[in-house]
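Let's take a walk through this protein together, one region at a time. Keep the sequence and the 3D view side by side as you read.

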Amino acid sequence: MRIFIDTEFSDFKNPQLISIALVDEDWREFYAELPVDRTRCNQFVIDNVLPLLGRELDAQCSGPEELHARINAWLLPLEDKKPDLCYDFEGDWILFSQAMLNQVPAWLTPVNVYRHIDPLTFQAYQYVNHLPQHHALYDARANKRAFNPAFIRDDSPLFPKSR
């Protein structure tokens, strides 16, 4: 069993979690948003992430404790399946761990699937479904759709660096 995660956050330098999404292989979804301190957000986040908040009903959490409880409640039915938590960016795993108040269940295995996410399938899924990028739920859905264990992403440059 795989669970695909995506997060949105304030800034790369000192990230504050803004939203988090989990989508399992059966398309069961979790999505939550936290209160945002705009003063901690970079301009990209202000322009591209914050306008997308509030689209999902009942997503707003009062704070970290409520978020932790909601994630735990969503994950608990999956315990016997010993799922992999699939992320494509190390920061997602770090922010998930923080959202879990550093009490990640031992039966949940983190797996970096970046190299197995087909970027063309990811973009096509969002395009066909009219979903903007930089919304945690939409990106988690796209990651699930674009995941292919047989696909190996090669981000090496086309031309080696000259000396």
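A word on angles before we begin: axes here are lines fitted to C-alpha atoms, for helices over the stretch in contact, and angles run from 0 to 180 degrees between N-to-C directions. Please bear in mind, too, that this is a predicted model.

With that in hand, look at helix H3, which lies across S1, S2, S4 and S5 and runs at about 90° to S1. Helix H5 lies across S1, S2 and S3, and its angle to S1 is about 145°.

What is the order of the strands in the sheet? The sheet is open, has five strands with mixed pairing, and reads S3-S2-S1-S4-S5. S3 and S5 (109–112) are the edge strands, each pairing on one side only. From one strand to the next, the twist averages 25°. In general, strands of a sheet pair through backbone hydrogen bonds, either parallel or antiparallel. For S1 and S2 the sense is antiparallel, with seven bridges. You can find one position in this region by locating isoleucine 3, which stands opposite aspartate 24 in S2.

Now turn to the nonpolar side chains. The largest nonpolar core has 24 residues, and those with the most contacts inside it are Ile20, Leu22, Leu67, Ile71, Leu75 and Phe96. At least two residues of this core come from each of strands S1 (2–9), S2 (17–24), S3 (29–33) and S4 (84–87), and likewise from each of helices H2 (64–75) and H3 (90–99). Isoleucine 71 gives you a good view of it: beyond its neighbours within four places in sequence, isoleucine 71 is in contact with Ile20, Leu22, Phe30, Phe96, Ala99 and Met100. Apart from this core lies another, of 18 residues, including Phe122, Tyr125, Leu137 and Tyr138.

While you have H3 in view, pick out serine 97, which is found in this helix. Is serine 97 buried or exposed? Its relative accessible area is 11%, and buried means under 20%, so serine 97 counts as buried. Setting aside residues up to four places away in sequence, serine 97 touches Asn102, Gln103 and Val104.

Next comes helix H4 (residues 119–128), where Phe122, Tyr125 and Gln126 are buried. Seen down the axis of H4, these buried residues fall within an arc of 90°, so they line one face of the helix. The general background is that an α-helix has 3.6 residues a turn, so residues three or four places apart point the same way. On the other side of H4, you will see Leu120, Tyr127 and Val128 exposed. Helix H5 (136–146) is part of what covers the buried residues of H4.

Both ends of H4 deserve a look. At its start, a side-chain oxygen of aspartate 118 comes to within 3.0 Å of the backbone nitrogen of leucine 120. After H4 comes histidine 130, which has a positive phi, near 55°.

Our last stop is asparagine 129, in the loop between H4 and H5. At 37% relative accessibility, asparagine 129 is partly exposed. The side chain of asparagine 129 reaches back to the backbone oxygen of tyrosine 125, at 2.8 Å. Asparagine 129 and alanine 142 are 13 residues apart along the chain, and their C-alpha atoms are separated by 9.8 Å.

Conventions:
Residues numbered from 1 in each chain as written. Predicted model: local features only at pLDDT ≥ 70, side-chain atom pairs only at ≥ 80, totals over all residues. Heavy atoms only, no water. Core = buried A, V, L, I, M, F, W, Y, C linked by side-chain atoms within 4.5 Å. Buried < 20%, exposed > 50% of the residue type's maximum accessible area, 1.4 Å probe, protein only. Helix = DSSP H or I, 4+ residues; strand = E, 2+ residues; numbered from the N terminus. Contact = heavy atoms within 4.5 Å. Arc of directions from axis to C-beta. Polar contact = N/O pair within 3.5 Å; in protein donor to acceptor, adjacent residues only side chain to side chain. Pairing = 2+ DSSP bridges.
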